[in-house]
Amino acid sequence: MTINEIQDEVIQEFAEFTDWMDKYQMLIDLGNDLRPLDAKHKTEQNLIDGCQSRVWLQCDIEEGNLIFTADSDALITKGIIALLIRVISGHTPQEIIDADLYFIEQIGLRQHLSPTRSNGLLSMVKRIKAYAIAFKLA
């Protein structure tokens, strides 16, 4: 699936809920389903600056595609990074660089987060794009 097809799928799933408490629960469930991050990757280098919670993001390349794994010490934040990984992991660096992550606005995520979580979301997206640029240049 393309990044946009996955985003459209996410938008459709979130549209099934009208109450934001249900959407938060969906984020928590996504975080709980996230594959555990190996302890060796929970390093300062993988810690995302700008997040109130601790969020670690590991990126590897397999057959030209970037594979992301992550973890967080906060339930909602872990769900947010899980959602981002679902959308972008498994794509080429160029696809990730070119991606317009429109699902964030369309599901209302940014407007329903606290300012600190919203800043954290922006930091996560910036780190993902930075990894894509670094792997493209490598």
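Glu13 is partly exposed, its relative accessible area being 23% in this predicted model. The side chain of Glu13 meets that of Arg86 in a salt bridge, with a distance of 2.7 Å from N to O. This pair links distant parts of the chain, since Glu13 lies in helix 1 (residues 3-15) and Arg86 in helix 3 (residues 75-88), 73 residues apart. Across the whole structure, a search finds five salt bridges, and three of the pairs are described below.

**The pair of Glu13 and Arg86**
- Arg86 has a relative accessibility of 25% and therefore counts as partly exposed, because the partly exposed class lies between the buried limit of under 20% and the exposed limit of over 50%.
- Glu13, at 23%, falls within the partly exposed range for that reason too.

**The pair of Lys78 and Asp71**
- The side chains of Lys78 and Asp71 form a salt bridge, in which N and O are 3.4 Å apart.
- Both partners, Lys78 as well as Asp71, are buried, which means that each has under 20% relative accessible area.

**The pair of Arg110 and Glu105, and a network**
- Arg110 and Glu105 are joined through their side chains by a salt bridge of 3.3 Å, taken from N to O.
- Arg110 is partly exposed at 35% relative accessibility, and Glu105 is likewise partly exposed, with a relative accessible area of 46%.
- Elsewhere, Glu9, Glu13 and Arg86 are joined into one network by salt bridges that share partners.

Terms used: Residues are numbered from 1 along each chain as its sequence is written. This is a predicted model: local features need pLDDT of at least 70, side-chain atom pairs count only at pLDDT 80 or more; totals for chains, interfaces and linings use all residues. Side-chain values use heavy atoms; hydrogens and water are left out. A salt bridge is a side-chain nitrogen of Lys or Arg within 4 Å of a carboxyl oxygen of Asp or Glu. Helices (H or I, at least four residues) and strands (E, at least two) are DSSP runs, numbered from the N terminus. Buried means under 20% relative accessible area, exposed over 50%, partly exposed in between (1.4 Å probe, protein chains only).
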